[in-house]
Amino acid sequence: MIRSRALLVLSAPWLACASAPEINPTYAPTENVLEVVAVLRRHVPDDTYRFDPARDFTGRNVYRSSLLRLENLETRQADALRAGHLDGVIAFAKGRALERLRAFDLAADAYRIAAERDPELRAEALQSADVCVALQASSDGGPELTELATRAAAEGRLDAEIASAVRRFDESAGALETVAESVQQTHYAFVVQEEIERIDVARADYFAALRRLIPDGDVRAAAERQRVAMHHHDSKNSSRHLLSLAELYADLAEEYVDANPPESLRFDPARFQELIDTAARVYEMVATRDGTPEKLEASRRLEAFLAFALRVDRDRFTP
Amino acid sequence: MTASRPSRARAALALLALGLSAQACRTPAATPLGPPLERDPRFAARVPDVADQTAAELAAAALAGSPSQTANALRRMQAIDTVLAASEEPTTGLVPVSHDLVNSTLGGARAYRSATLELLERDDIEPALYERLAQASLDDPLVLADQRIRDAWIIDFGRAFNTLADPIGRSVLTLTLAPYRIGRALIEYAVALRQQDALPLQRRQALAHWKEFIERNPDAPEVAELRPKVEAAEARLRETQRDQALRVADKALGKEDVRTALVFADRALRIVPEDPGALERRDEAAAGLLALRAEQRRSLEAAPAPEDADPAAARPLALALLLPGGPVESEAGALLERDPDGPLADEARYSLSIAHGEAGQETQMWDELEELADESPSQWNMARHASALTLDPRRNAWSAFRAARRHDRSNRALWVLVGPFYAGARDRQLPQPLEWALDAPSLAESVMSTPVRLLQLPWLPALPSVQAVAASARDYLARYPDGEHAAEVRDWLVDYEGDRGNWIGAMTIAETAPDADLAEIDRLRRLAGKQAYDAAIHEKNRSLRVGMLRLIPERFPGTPAVEAADAQLRNEVEFASAQSIRLSRGFLLENPRVAGPRGLALAPGLLDGDASNGELHPDGVSLLGARQIEICTIAPGEDEKGPPHRAQETISAEQLARLVSEVEETDLRNSLLDSDDKFAPNAQRDVFFERARLGLADDVDTRATATSEYAYLGMRERYGLVRARESILPFELVLSGSLKDFSLGAFPRIKEPRQTPDAILYK
C-alpha cells in the first residue's frame, strides 16, 4: 500500500508535466454565425445541376454541414443570440441550405420565419418561400407508381394506369418548366433543372420497373433511359444516366441468355451481339471519362459484363 | 510428328499456288471463257458396300447403347479390314474411328481417356484423327493439373537459373564486375521471392483442376492422395489472398485512408481469422477512423460565445451576403476597417474574396483565399474554409492545372535525367529507402545514358502525368468558360488533343473560344473530318458505320471527308449484302476440294494460273447471303493487283449446302493438321452455314449484327512463304550488349511457359 502511494507521489510531477492530447485546430467548433453564412453564401450560386455540391473541410456536403452548424449555434450560443439580431439571418440561411437538400417544405417554413423576423430580408424570403412551395408541389412523388402499376396490371387496367402516370410526370415537368421561366438568372434555375432531371429519371425508372409487364417494355425502358441520358448530358449525373442505360442493356443480355441458352437452337447470336455491343459501348463511354468515380465503376462493370459474356460459347458469340 | 505428312502436302500446294500466281501475274488477264461455275454438278449414286453397312450398324448400336451389338459390329469392321489387307487391297481406314466410337460408349471420362491412350498406340490412325484423339487424351483434370504444376516448377527454376545466368553471361568480358552483378541479381531475386504469392497462378490453376477431379470422381483411388495436396494448397491460397488484402490495407494506411484500410484489414481477417498482422492493421485503421469521426463531429459543434460577443456587428455583412446583389464588398471592407485583427476579420476577408470572384476578378479571389488559407487555423477560423476551397482541384482548377503542368514538366525533365525512375523506385512492397537503395545501381546506369534520352526527347510520347493536366484543363473550361485563363487553357487543350490525334476533340474545344481563329477552325475541321471518316470505315457494325458516315457531311461540311464519306456511302449501298464471307484465292488453291465439284464447282480454268482464259482474283469468292455468291476475277487487261471484275451468281440450295459443309470440314481438318491454322469461331458465319445446310438460306436476315465478314485465307496469305516457327527448346540464347554499363555477353535463358487462355480467371 505504502509502495503504491510512493509510486503515485513520485509519478505526480510527471503526470502534471504530460501535455494533453493535441487537438487539431482545423476541426475546432464553429465560432459564429457569420462563419457559416459566409461559407454557405460562397456556394449559393453554385450550379449544382452541372457540378457536384461542394464539400466543406471535413468532406461533408456543405449545405448539410451549414444547416447542422447553424442549428448547433442556435443551441450553444442561445444567450448571445437572444437579442434576436440574427434570427432572420439564421432562418434565411437555413432556408438556403434546406432547399439544396430538397427539403422544400422546411425551407419554405424557414423563409417565412425569416420574413417575419427581419424586415430587410422579408421580400426576398417570401419570394424564395413561394418558389420552394412550387418546387415542393412539383416534386411531391405521391403514391408509389410502380406499386400502383403492378396492382393495375393484376386488375387488367395497366394501360390506363400507365397513361395516368405519364400524365402526372408530364404535368410535374410542365409545372417545373413554368417555375424555371420565373427564376432565370437566380440560383433556383439550377435547383429546378435538378428537379426536372429527377422527374425524368423517375419516369425512366418507372418504365424500367414495368418492362416485363407491358408489350415492348424493354424497348420503352431503353428509350426512356436514352432520353434521360440525352436530355441531361450536361448534368453532373450524366455518367450515372449512361451507367443506368448500360446496366439495362446488360440486364437484357443476361435475361436473354437465361431465356435462350446459348447452346439451344432458340439462341440468336445477332440479337445477343446487339445487346452486348450496346452495353459495352455505353460502359466504355463512361470508362473513358477521366477524373470521375464513375470511370472506375464503369471499368469494373464492363469487366464483369465481359466476364459474363465468357459464359457464352465463342461459336455463339464472337467478340 | 503425325502432322508432318499433311504439312508437307500443304507446303507443296502453297508452292504450287505461288507458281500459279506468278504465272498469272505475267500475262494480262482475259475475260473468263465460259461460266465461272459448273451448274448443279451431278454425282453418280454410290451403292453402300459392306463396310458402309457395318459402319452404319456400329453407329446405330453405339447410339442405342447396345454393348454386345457394338462389339459385334466392331469385330466385323476389323474383319473386313483384315480381309482387305490379306488380299492386298486398300483398307477401309474406318477401324480406328470405329474403336473411338466404341470407346465413347464406355462409362465415364476416365475410361474413355484410358481407352483413347491405348488407341493412340495404333499406327494406322490418320493424322487428323490422331490429333483429335491426342487433344481428347489431354482433357483430363489430373493431366491439366500436372501440366500447370510443371509450368510452375519451370517458372521457379527458370527464374533462379536466369538470375545467375544473366550476370555471369554479361561478365564474360568484364570479369571483375561479376561478383557485383551476381550479388545484385541475388538480392533482386530474394526480393522477388519475398513478393511472390504463396500460391502462384499456375498452382492455383492446378488446385482448381484437383478439386474438379475430386468432385467428378469422389471414389477414385487418386482422391486419397489429392486431398492433402488440396488442403495444403488452399491454406496457401488463403495466405495469398490475405497478403493481397494486407498490401492494399498498408498502402491505404500510408495515405491515411483509414476507411479503405479498415475494409481490407477486415477482408484479411475474414480470410484468415485472428491473423495477428490483420488484427494490428484493423485496430490501427479503426482507431484512425474513430478519431477522424470524432474530429468531424467536433467541427460541427458550436463554440460557446465569447463574453464580449456582439452578434449585431455581424448583421450588416450577413444581410449583404444573403440578399441577392447585397453590398458584400463595402460591408466586408467596413468590418475589416473597423477591426482589422478582430474576431470577424477573417470572415470579412473571406467575404471580400467572394465579392471579387463574383465580379470576375478570379485571380484576385484565389490569391486572397490562398493568403487566408496560409493563416493558422487556431487563430483564424476561416483559414480552414479557405484551405478547403483552394485545395479543391475542381474549383481551383487553374491552380490544379498549373500544378499538374509543373508536375508533368518535372517528370519529363526527370525522365531525361533518370529514365524509367522518373516516377520513383520500383514498387516491391518494401520501405522506400530500401527500394531506392536496391535501385541505386540501375539508377546510376540510367544517369549514364542521359545524353541518349536527351536526343529522344522531341519524340517522347506524352507521359501518364499529362492526363491530370488535361483533366484540370477540362474542369477549368467547364466552370469558367470565360475565365481569365480560359484562352491559355483552351489553347493548351487544343494542342493536347491534336497531339494525340483527337482532332474532333480539338475542334470542339477550339470552337468554344469567343474569338476563335476561323482559319485554325477550318484546319481542325478538315483533320476532324478525316478522323471521323477513318473511325467510320473501321466500324464493324454496318448500320453503325452507315450512321457515322451520314453524320460527316452534317458535322464537317466543306471538308474532303464529306466527299469520301459520300463515296463510301454509295459503295455501302451498292455492295450491301446480308453476308460477306470470303473464300480467298489462296484458300481455294490450298484446298482444292472446296473449289472442286463437291464444293464450289469453280471452273478449273479460273485457278489454272493461265490468265488468258480468265483467272480468279486474290479476293476470291464471297458468299453474299441467300444463295448469292460473288466471284471476283482479274479484270480484263488488269493484273491481280488491280480492282477485280465482280460477277454475282445464284447457286442451288443443294450446292450451297454442299459448299458450306465442305468449307467447314476442310477448316476443321486443317486446324487439326496445322497448329498455325487454328479454327476461328464466328457466330454469325456459323448461323448462316447452319441455315444453308438446312436449306433455309433464302430466308435472309438483314440485321447488321447478323452479317459475318469472316475471311478464309490461305496459309501463305497469312504467314507468307516462310513461316516463323517458335523454337521447341525450353530455353533461348540471349546476346546482350548495353551502353549503360558497357557490358557484352551471351547466356542461355529459360523461357517461361505461356499462360493458358483461362489464366485471366485466376488473377
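Two residues are in contact here if their C-beta atoms, placed from the backbone, lie within 7 Å. The model shown in these views is predicted.

**Figure 1. Surroundings of Ala93(A) in the largest nonpolar core.** With neighbours within four places in sequence left aside, Ala93(A) is in contact with Val36(A), Val37(A), Leu40(A) and Leu70(A), and with Leu322(B) from the other chain. The largest nonpolar core has 104 residues. Ala93(A) is among the residues with the most contacts inside this core, together with Val33(A), Val37(A), Val89(A), Tyr111(A) and Ala318(B). Another core, of 70 residues, lies apart from it. Leu245(A), Phe272(A), Phe317(A) and Cys632(B) are among the residues of that second core.

**Figure 2. The contact between chain A and chain B.** Chain A contributes 51 residues to the contact, and chain B contributes 48 residues. On the side of chain A that touches chain B, the elements giving two or more residues are helices H2 (33–43), H3 (62–76), H4 (78–81), H5 (87–100), H7 (119–139) and H13 (269–287) of chain A. H2(A) gives the most, with eight residues. By residue class, this side of chain A divides into 23 nonpolar, twelve polar and 16 charged residues.

**Figure 3. Arg627(B) in a loop between two strands.** Strand S2 (616–625) and strand S3 (628–634) of chain B are linked by the loop in which Arg627(B) is found. Arg627(B) counts as partly exposed because it has 19 C-beta neighbours inside 10 Å, whereas a buried residue has 20 or more. Leaving aside neighbours within four places in sequence, the contacts of Arg627(B) are Thr650(B), Ile651(B), Ala653(B), Leu656(B), Ala697(B) and Asp698(B). One of these, Ala697(B), is 70 residues from Arg627(B) in sequence, and the two C-alpha atoms are 6.5 Å apart in space.

**Figure 4. Chain B as the setting for the Arg627(B) view.** Chain B contains 31 helices and seven strands. Its C-alpha atoms fill a box of roughly 125 × 75 × 65 Å along the principal axes. The radius of gyration of chain B is 38 Å, while a compact globule of 763 residues would have one near 27 Å. Of the 763 residues in chain B, 30% are buried. Among contacts in chain B with a separation of 6 or more, 60% come from residues 24 or more positions apart.

Conventions. Residues are numbered from 1 along each chain as its sequence is written. Chains are lettered from A and ligands numbered from 1 in the order in which they are written. This is a predicted model: local features need pLDDT of at least 70, side-chain atom pairs count only at pLDDT 80 or more; totals for chains, interfaces and linings use all residues. Helices (H or I, at least four residues) and strands (E, at least two) are DSSP runs, numbered from the N terminus. Ala, Val, Leu, Ile, Met, Phe, Trp, Tyr, Cys and Pro count as nonpolar, Asp, Glu, Lys and Arg as charged, and the others, Gly among them, as polar. A nonpolar core is a set of buried Ala, Val, Leu, Ile, Met, Phe, Trp, Tyr and Cys residues joined through C-beta atoms within 7 Å. A residue is buried if 20 or more other C-beta atoms lie within 10 Å of its own, exposed if 12 or fewer, and partly exposed in between; C-beta atoms are placed from the backbone. The radius of gyration is taken over C-alpha atoms; the globule rule is 2.2 Å times the number of residues to the power 0.38.
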